[in-house]
Structure formats: structure tokens, C-alpha cells
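Open the model in your viewer and keep the selection tool at hand. Each stop below says what to select and what is there.

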Amino acid sequence: MDQTNVRMARPNEIERARTVLELSYGPYEAAMPAENWTRYRADILDIEGRTPPSELWVAERDDDIVGCVSYYPPGAAMSYPSEHPPELWPTEWAAFRLLGVDPSAAGGGIGRLLTEFCIRRAREQKAPAIGLHTTPFMTVARAMYQRMGFERAERFDFHPAPSIIVEAYRMLL
């Protein structure tokens, strides 16, 4: 694999990051009721609505953005596109959302690289834990998080629709 660097996104890279998110999350449309997918897709693509308080980090390889993630430092407020939002993470925790990898780069370790970056950043910022949400139908990501040592934190689960569970995971740092 060629060298991949993780760095903060530049303003002129927002559209490319949005494309990466659209491509990486698009396959999940069939797993959700249409009204939930519409809200979730809007949230996925609303990078500007997350920044601040989140920071958009990108994985760059060969002058192309191949992945991105929204990282929330300790103390940052998160929001979710749900009528039934989760219980908020403890304020001192870090968190990340909407990690996406361009399908052309899938399987190349980009998701793991971005996750490791978020963990490292949370440790540098002295967060006692880092949290994330995923769903059972996001099987590849869910398995990766579990292999990396994230543990279920059911207290922070939520149900944006009766048929959908958004599972919370956390890693103590």
C-alpha cells in the first residue's frame, strides 16, 4: 500500500470528503426505512453542520482523499438526526462519527488508520475514553472496532426507528 497520511481537511476538500461519505454509506440505504435513510443521509453529508464542534480529518493517498472521519474532542457537543437521540457521552470523553472510506480503497486499512488516529488524538487530549456508534448492518466496521478493543456500552444505544438499533461502543484510554 502506498503511503497514506491523516491530516485535518482543508476547506477546498469538503466536497471530496462528502463524496467519500456518500459512496461509503450509500450501500446502507437498503437496510433502513426510507424516511430514516433520508434524515441519516442528510446528516452524513452535512459536514459543515458538524464543524465545529467536530474536526474533519482525512486520509490522503496519492494526492486523493480516500477516507474521512468527524472527530469530537473531549467537551464537544454531538448531535444526531433522531427523534430519540442517545444519552450523551460523558463530557470528558472523545468520540468520532461518520468514518467513511472510498470503496476504491476499501480493505486497505484506511478505516483502521483513521480509527487509530482518533484513539491517539483522544489520548493526547487526556480523554478517559472514546466512544462511537455503529449498527449491526455495518458488519465490517463493527467487527473492526471489536477487534481493536472497543466494547459495547449499551447505555448509550438508541433507536432512530423501531427496526433500527444504533449500538454504542467505547474504549477506555
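Select His159 and show its side chain: is this residue buried, exposed or partly exposed? The model is a predicted one, and in it His159 has a relative accessible area of 43%. Buried would require under 20% and exposed over 50%, so His159 counts as partly exposed. His159 sits in strand β7, which covers residues 158-161. Now add Ile164 to the selection. Its backbone oxygen is 3.2 Å from a polar atom of the His159 side chain. For a longer view, add Glu92, which is 67 residues from His159 along the chain. The C-alpha atoms of Glu92 and His159 are separated by 24 Å.

Next, select Asp157, in the loop that runs between β6 (151-152) and β7. Asp157 has a relative accessibility of 17% and is counted as buried. Which backbone atom does the side chain of Asp157 reach? It is the nitrogen of Ala168, at 2.7 Å.

**The helix pair**

Select residues 14-25, helix α1, together with residues 34-45, helix α2. Two packed helices are described by the distance between their axes and the angle between those axes. Here the axes come within 9 Å and cross at roughly 145°. The crossing of α1 past α2 is right-handed. To see where the helices meet, show side chains. On the α1 side, pick Arg18, Leu21, Glu22 and Tyr25. On the α2 side, pick Trp37, Tyr40, Arg41, Ile44 and Leu45. By type, the residues of this contact are six nonpolar, three charged and no polar.

Stay in α1 and select Val20. Val20 is buried, at 0% relative accessibility. What does Val20 touch, apart from neighbours within four places in sequence? Its contacts are Ile65, Val66, Gly67, Cys68, Gly100, Val101 and Asp102. Add Ser104 as well: it is 84 residues from Val20 along the chain, while their C-alpha atoms are 9.9 Å apart.

**The cysteines**

One of the contacts of Val20 was Cys68, so select Cys68 now and look for a partner sulfur. The closest cysteine sulfur belongs to Cys118 and is 11 Å away. A disulfide needs two sulfurs within 2.5 Å, so the distance from Cys68 to Cys118 is too far for a bond. Cys118 is in no disulfide either, with the sulfur of Cys68 as its nearest cysteine sulfur. How many disulfides does the structure hold? The count is zero. Cys68 is buried, with a relative accessible area of 0%, and Cys118 is buried too, also with a value of 0%.

**Backbone points to check**

Most residues other than glycine have a negative phi, and most peptide bonds are trans. The next selections depart from that pattern.

Select Thr51, Pro52 and Pro53, and show the backbone. The peptide bond from Thr51 to Pro52 is cis, with omega near -25°. The bond from Pro52 to Pro53 is also cis, with omega near 20°. Pro52 lies in the loop that links α3 (47-50) and β2 (55-61), and Pro53 is in the loop between α3 and β2 as well.

Move on to Asp63, in the loop between β2 and β3 (64-72). Asp63 is not a glycine, yet its phi is positive, at about 60°. Is Asp63 buried or exposed? Its relative accessible area is 74%, and over 50% counts as exposed, so Asp63 is exposed.

Then select Leu98, which is in strand β4, residues 94-101. Leu98 also has a positive phi, near 55°. Leu98 is at 7% relative accessibility, which means that it counts as buried.

**Last stop**

Select Arg121 in helix α4, residues 110-124. With a relative accessibility of 18%, Arg121 is under the 20% limit and therefore counts as buried. Which residues does Arg121 contact, leaving aside neighbours within four places in sequence? They are Glu55, Trp57 and Tyr71. Finally, add Tyr72, which is 49 residues from Arg121 in sequence. From C-alpha to C-alpha, Tyr72 and Arg121 are 9.9 Å apart in space.

Methods: Residues are numbered from 1 along each chain as its sequence is written. This is a predicted model: local features need pLDDT of at least 70, side-chain atom pairs count only at pLDDT 80 or more; totals for chains, interfaces and linings use all residues. Side-chain values use heavy atoms; hydrogens and water are left out. Axes are lines fitted to C-alpha atoms, for helices over the stretch in contact, and angles run from 0 to 180 degrees between N-to-C directions. Helices (H or I, at least four residues) and strands (E, at least two) are DSSP runs, numbered from the N terminus. A crossing is left-handed if the near helix is turned anticlockwise from the far one by less than a right angle, and right-handed if clockwise. Contact means heavy atoms within 4.5 Å. Ala, Val, Leu, Ile, Met, Phe, Trp, Tyr, Cys and Pro count as nonpolar, Asp, Glu, Lys and Arg as charged, and the others, Gly among them, as polar. Buried means under 20% relative accessible area, exposed over 50%, partly exposed in between (1.4 Å probe, protein chains only). A polar contact is a pair of N or O atoms within 3.5 Å; within protein, one must be able to donate a hydrogen and the other to accept it, and residues adjacent in sequence count only if both atoms are side-chain atoms.
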